[in-house]
Amino acid sequence: MTLTTLLEVLERLDEAHLQMLDLAAVKKDAIKTNQVDYLIQLLNKESKHMKLIEQLEEERMQAAYAFLQGVGIRSNLNLNLTELSRLVFDPEEKQQLFHMQRKLSGTLQRLKEANTLNQQLLEQALSYIDFSIESMSYYSETEATYHHPAGKTAGVQRSGLFDSRA
């Protein structure tokens, strides 16, 4: 068996990850503009893409096993691309495999960076929401209702939401 099937599956895997990278860029904009409903739609699309990637990963493993059997190895080893390249003796095929490895690795690295950025943006948004809720609920329920001035206790009264005195 030639390496062609494996290279085709790797190309499809790279395409699927590039689509995930596009979704990550759109997701970043949705996070920045606080489009929660659109963000949920994007997460659903991402989930569907992940299922496709899992399926392609299974195909990659099957193609790798078929290649191993084609070169006379009767084991179901789960070899990475570098290890597989040691079993490729045709210089052109080896170069194609290395090219796909670099291409897929670069795409995965960019996707990882985009996901890390989106995670940080979400954490910042959640921190801001938490801060807003805490600052709006600073006063207790009794402080938010009307009391007759003569009925107030002699405690310390704050003039606003933030106490600027040190």
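These exercises work through the helices of a predicted model.

**Exercise 1. Which elements does the protein have, and in what order do they run?**

Start with the count. The protein has four helices and zero strands. Now read from the N terminus: the order is α-α-α-α.

**Exercise 2. Does the span of helix 4 fit its number of residues? Find what span is expected and how far apart the end C-alpha atoms are.**

Helix 4 covers residues 91-136, which is 46 residues. The rise is 1.5 Å a residue, so the helix should span 68 Å. Its end C-alpha atoms lie 67 Å apart. The two values agree.

**Exercise 3. Find the polar contact at the start of helix 4.**

Look at aspartate 90. One of its side-chain oxygens comes to within 2.8 Å of a backbone nitrogen. That nitrogen belongs to glutamate 92.

**Exercise 4. Which residues of helix 4 are buried, and what do they pack against?**

First, set the background: of the protein's 166 residues, 25% count as buried. Next, list those in helix 4: Leu97, Met100, Leu104, Thr107, Leu111, Ala114, Asn118, Leu121 and Ser135. Last, find their partners. These buried residues pack against helix 1 (4-32) and helix 3 (81-85).

**Exercise 5. Are helix 1 and helix 4 roughly parallel or roughly antiparallel?**

Take the geometry. The two helices pack at an angle of about 20°, and their axes are 9 Å apart. Angles under 35 degrees count as roughly parallel. Helix 1 is therefore roughly parallel to helix 4. Then add the hand: the crossing of helix 1 and helix 4 is left-handed.

**Exercise 6. Of contacts between residues at least 6 apart in sequence, what percentage join residues at least 24 apart?**

Count over the protein. The share is 61%.

How values were computed. Residues numbered from 1 in each chain as written. Predicted model: local features only at pLDDT ≥ 70, side-chain atom pairs only at ≥ 80, totals over all residues. Heavy atoms only, no water. Expected span 1.5 Å × (residues − 1). Buried < 20%, exposed > 50% of the residue type's maximum accessible area, 1.4 Å probe, protein only. Contact = heavy atoms within 4.5 Å. Polar contact = N/O pair within 3.5 Å; in protein donor to acceptor, adjacent residues only side chain to side chain. Axes fitted to C-alpha atoms, helices over the stretch in contact; angles between N-to-C directions. Parallel < 35°, antiparallel > 145°, perpendicular 65-115°, else oblique. Left-handed = near helix turned anticlockwise from the far one by under 90°.
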